[in-house]
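Trainee: I should like to learn how to read a structure of this kind. May we work through it together?

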Amino acid sequence: MNELTADEIVDLCLKHTLYDWQQQGTTRPIAVASARGSEFFTVGGKRYLDFNSQLMGVNIGHADPRVAEAIAQQARTLPYISPFMATEVRARLGQKLAELMPGDLDKVFFTLGGAEANENAIRIAKAVTGRNKILARYRSYHGATYATISLTGDPRRWGNEPGMPGVVHVLDPYHGTQRGTDDAATALAYLEETVMLEGPATIAAFILEPVTGTNGILIPPEGYLQGVRELCDRHGILLIADEVMSGFGRTGEWFAVNHWGVVPDIITMAKGLTSSAVPLGAVGLRPSVYRYFDEHVYWGGLTYNSHPLACAAALATINVYEEDGLIDRSRKLGEVMAGHHQELSDKHASVGLVRNLGLFGILELVRSRETMEPMAPFNGTSDEMKAIGKYLDDRGLFTMVRWNQIMTNPPLCITEEQLAEGFAIIDGALDAADAAVA
Ligand SMILES: Cc1ncc(COP(=O)(O)O)c(C=O)c1O
């Protein structure tokens with residue numbers, strides 16, 4: 001299929017295009033030719049099992065023919081029209097999302113991806129409240145634009161500072177393998193104190209990932225999100241749920257907030273909305289928020305707002321979630337995943353913590369279960385974690401190995417056999433990691 005060799009592709013990509021988040025001189029990407037379901041194939045023909053849905057976004061699986069056909073049909077009739085027009089795909093997708101979003105959220109603004117969705121969410125929050133400051137959490141990722149990298153708490157922010165003024169970061173309930181997780185009351189007391197010290201009337205919104213993604217698949221302690229909702233209500237602070245990663249079945253619900261019955265004022269989504277087939281994001285709003293714009297100008301816009309190709313891809317993708325029962329499947333396979341996690345934890349001394357909600361999962365490796373010292377430091381790596389990454393890659397298991405963590409976030413269409421296959425490979429990788437345990 002490819003006319004260039006794998007080396008030619010990689011060399012040209014490196015020569016003429018810039019790669020994300022790394023020194024260009026040290027990276028050597030995989031030349032990928034095709035993908036299907038939970039697998040992808042290199043130009044050389046090597047098969048990879050995708051245990052991270054790429055960037056936790058290919059939720060329905062790769063290259064679904066139903067989505068491909070919808071995109072092709074839209075491309076033949078109306079690939080693009082200005083966002084000032086009305087189209088049937090935009091109408092239908094807006095209506096469908098109104099049905100799927102939690103509570104009374106029933107209007108969306110379409111963007112190209114997650115960062116733009118968050119960017120518009122905070123613009124809306126500032127306009128509607130007339131306040132300037134935004135609360136965000138340290139263990140978070142909200143995007144790489146100027147504003148959203150400022151909201152981001154993780155170390156990817158450091159190289160982008162100074163960023164947007166007015167962002168206040170707060171600690172999460174989770175404090176790492178050694179300090180563990182606060183209960184909801186403790187976490188909320190700290191949050192309330194921060195709000196008081198910052199001045200509640202200066203804070204427009206609190207943005208958070210209901211289940212944090214790249215920063216560790218952090219599932220909030222029971223009562224935390226409900227408490228955040230109550231605190232925001234008490235102070236007129238809008239709650240923005242960033243569901244760019246946790247939405248669309250990843251946790252076994254359409255949106256992660258549904259696990260706790262919490263309705264945010266604003267919800268952002270991308271990735272799973274089109275299963276990453278075409279770039280699309282959205283900002284969902286409840287009437288108490290969007291009514292403001294009935295009488296005020298919305299000072300925002302995008303050439304590709306409501307792009308017909310992307311809307312068609314999203315409608316077809318949502319249809320696949322429904323037709324194949326993928327949201328329920330994520331919940332059920334989540335139990336299977338929890339079983340695999342437990343088995344690895346029972347067998348390997350290097351497994352310090354395991355977590356998952358639906359097919360959103362992670363293993364945290366430690367050097368000792370007594371001290372819970374992580375197998376790699378915060379924002380760093382170690383020989384052991386590098387060896388694990390290489391072991392998985394050699395055996396065709398694609399996933400994210402970050403710091404002391406191994407992610408387990410396969411497409412929701414993965415079979416139980418494929419899930420077992422992936423965990424068997426991780427099992428093998430952990431043998432070497434155990435040797436490093438004190
Ligand atoms: C929670 C969350 N928010 C926002 C983003 C940014 O999305 P995008 O890369 O589409 O701009 C991401 C991307 O990983 C994310 O995980």
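Trainee: In which crossing, left-handed or right-handed, does α4 pass α11?

Mentor: Please bear in mind that this is a predicted model. In general, two packed helices are described by the angle between their axes and the distance between the axes. Here, α4 passes α11 in a left-handed crossing.

Trainee: At what angle do helix α4 and helix α11 pack, and how far apart are their axes?

Mentor: Helix α4 covers residues 88-100 and helix α11 covers residues 308-323. The angle between them is about 40°, and their axes are 9 Å apart. An angle from 35 to 65 degrees counts as oblique, and α4 and α11 are therefore oblique to each other.

Trainee: Let us turn to the ligand. Which residues are around the ligand?

Mentor: One lists the residues with a heavy atom within 4 Å of the molecule. In this model they are Gly113, Gly114, Ala115, Asn118, Tyr141, His142, Gly143, Glu209, Asp242, Val244, Met245 and Lys271. By class, this shell has 4 nonpolar, 5 polar and 3 charged residues. Helix α5, residues 114-129, gives the most to the shell, with 3 residues.

Trainee: Which polar atoms lie 2.9 Å or less from atoms of the ligand?

Mentor: Among them is a polar backbone atom of Gly114, 2.8 Å from a ligand oxygen. An N or O atom in the side chain of Asp242 is 2.7 Å from a ligand nitrogen, and a polar side-chain atom of Lys271 lies 2.9 Å from a ligand oxygen. As for cover, the ligand taken alone exposes 390 Å², of which the protein buries 80%.

Key
Residues are numbered from 1 along each chain as its sequence is written. This is a predicted model: local features need pLDDT of at least 70, side-chain atom pairs count only at pLDDT 80 or more; totals for chains, interfaces and linings use all residues. Side-chain values use heavy atoms; hydrogens and water are left out. A polar contact is a pair of N or O atoms within 3.5 Å; within protein, one must be able to donate a hydrogen and the other to accept it, and residues adjacent in sequence count only if both atoms are side-chain atoms. Accessible areas come from the Shrake-Rupley method with a 1.4 Å probe; for residues, only the protein chains shown count as cover. Helices (H or I, at least four residues) and strands (E, at least two) are DSSP runs, numbered from the N terminus. Ala, Val, Leu, Ile, Met, Phe, Trp, Tyr, Cys and Pro count as nonpolar, Asp, Glu, Lys and Arg as charged, and the others, Gly among them, as polar. Axes are lines fitted to C-alpha atoms, for helices over the stretch in contact, and angles run from 0 to 180 degrees between N-to-C directions. Angles under 35 degrees count as roughly parallel, over 145 as roughly antiparallel, 65 to 115 as roughly perpendicular and the rest as oblique. A crossing is left-handed if the near helix is turned anticlockwise from the far one by less than a right angle, and right-handed if clockwise.
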